Amino acid sequence: MIPLNKPGRINSSSRGGNLLEYYFPQNNTYLLSTASDALNVIYKRLFKEKGSIRVGVSPLVCFQAIYPIVCNGHVPVFMDINPDTFNLDVNKLNDYDIQALEVIHLGGNPNEMDTIIKFANTRGIPVIEDCAQALGAKYDERYLGNYGDFAAFSLIKNLHAPSGGLLVSVSDLSSYLNEAPEMGSLLRIYRKTKIYLEGMANHHPLNIWNLFYWGLMTLKGDAAGYSLSKDVYQLKAGDVEDIKRRFAALESLLHRRSENAIRIIQDVDYRRAKVQVVPERGVSNWNRIMFKLVDKDAEEVIGRLRREGIAANNLTQNYKHGFQPHVSKDRLLARFYQVRLEAYENLLPHIISVPSSPFLKEDEIRHISRQMNSILS
Ligand SMILES: Cc1ncc(COP(=O)(O)O)c(C=O)c1O
């Protein structure tokens, strides 16, 4: 199976020492084990400062982006999306009673941050940018993660590191991190194995590595409440050095990923699959290639693409069949979905992501667009 975010060899001799200062010049930065860790620290901090608050968030996202709100004592308030950008509908921001706003740059596609920051400043509420998929993406020439009070990045998804999350914050959060335990060896081994197998897997039926990769993926149960842990892990010094080196390769990774994504987008029949729209002043990093299917059911198409060796999904890999259900079916989040969100309801049954990576090979790029067109015709 061609994995969603195929890893590959990163050649970077530079140590990349101060690149975090380059990308996030006015902020504090902390390297942790995942984006979820970073979100947990943010919501812990907000609980300590403000108690339980109502946090506006789009339900069209991997639920790992929402669990930290609930697990740290807050209340998610679901907000509707723009059916073209798949991000927040900025015309509806005033419709909700919220005390903080989590902005998810879905697939690496920037939200309209000028309107969002103006809104948040008027209300006097903090903004948390979920940049799990958005390292290197920009709005108005400014890297995402520099707009909010806090931001969380996944370096597994963006730099193909076996482990890594980045917490970016205007305020000093070091007191929340000092006591975090080091990530355990078993988890490190699991992640290194996973990334190795993802690098070897592909769509050729005779590739033996696919068997191991498939075995690893079926280890995951079907995943309601897949990871509710509030634990925050520090990385070993060697992993931190590895991540810093990877930062030095970021621009070349972004360039190659965009080139590959644009080829797939151009080859897929736009009459049957509408690609996620990037706002005028934004630059997506194409961490995911997301389409809205015009007249087909996403769950069925995802199943067929998977049978052709393409790890498609709708919003996350955390479910065995690649389809995360409606938020009202999630055992932790269901009770918070109280008002029907029209655009979310209409889009969810039709949204899919196909693999995007700087490391896709020529025949993989062709296989993805060819299979998409054949299944959608
Ligand atoms: C938008 C978004 N936020 C947060 C997360 C959690 O990231 P991590 O797996 O690094 O904890 C994910 C994972 O899929 C995600 O897609």
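This note covers the core, one helix, a ligand shell and a small sheet of a predicted model.

1. Basis. In this predicted model, local features need pLDDT of at least 70 and side-chain atom pairs count only at pLDDT 80 or more, while totals for chains, interfaces and linings use all residues. Numbering starts from 1 along each chain as its sequence is written.

2. Core. The largest nonpolar core (buried Ala, Val, Leu, Ile, Met, Phe, Trp, Tyr and Cys residues joined through C-beta atoms within 7 Å) has 106 residues. Buried means that 20 or more other C-beta atoms, placed from the backbone, lie within 10 Å of the residue's own. Residues with the most contacts inside this core include Ala-38, Ile-42 and Ala-152. Helix H2 (residues 35-50) gives the most to the core, with 7 residues; helices are DSSP runs of H or I of at least four residues, strands runs of E of at least two, numbered from the N terminus.

3. Helix H11. Ala-298, Val-301, Ile-302 and Leu-305 are the buried residues of H11 (residues 298-307). They lie on the same side of H11 because they cover an arc of only 100 degrees around the axis, taken from the directions from the helix axis to the C-beta atoms. These buried residues pack against strand E12 (289-293), strand E13 (351-354) and helix H13 (362-376), with contact meaning C-beta atoms within 7 Å.

4. Ligand. The ligand is surrounded by 15 residues (C-beta within 6 Å), and Thr-34, Ser-36, Ala-65, Ala-132 and Ser-154 are the closest.

5. Sheet. An open antiparallel sheet of 3 strands runs E7-E6-E11, where pairing requires at least two DSSP bridges. Strands E7 (142-143) and E11 (282-283) are its edges.

Terms used:
Buried ≥ 20, exposed ≤ 12 C-beta atoms within 10 Å, placed from the backbone. Contact = placed C-beta atoms within 7 Å.
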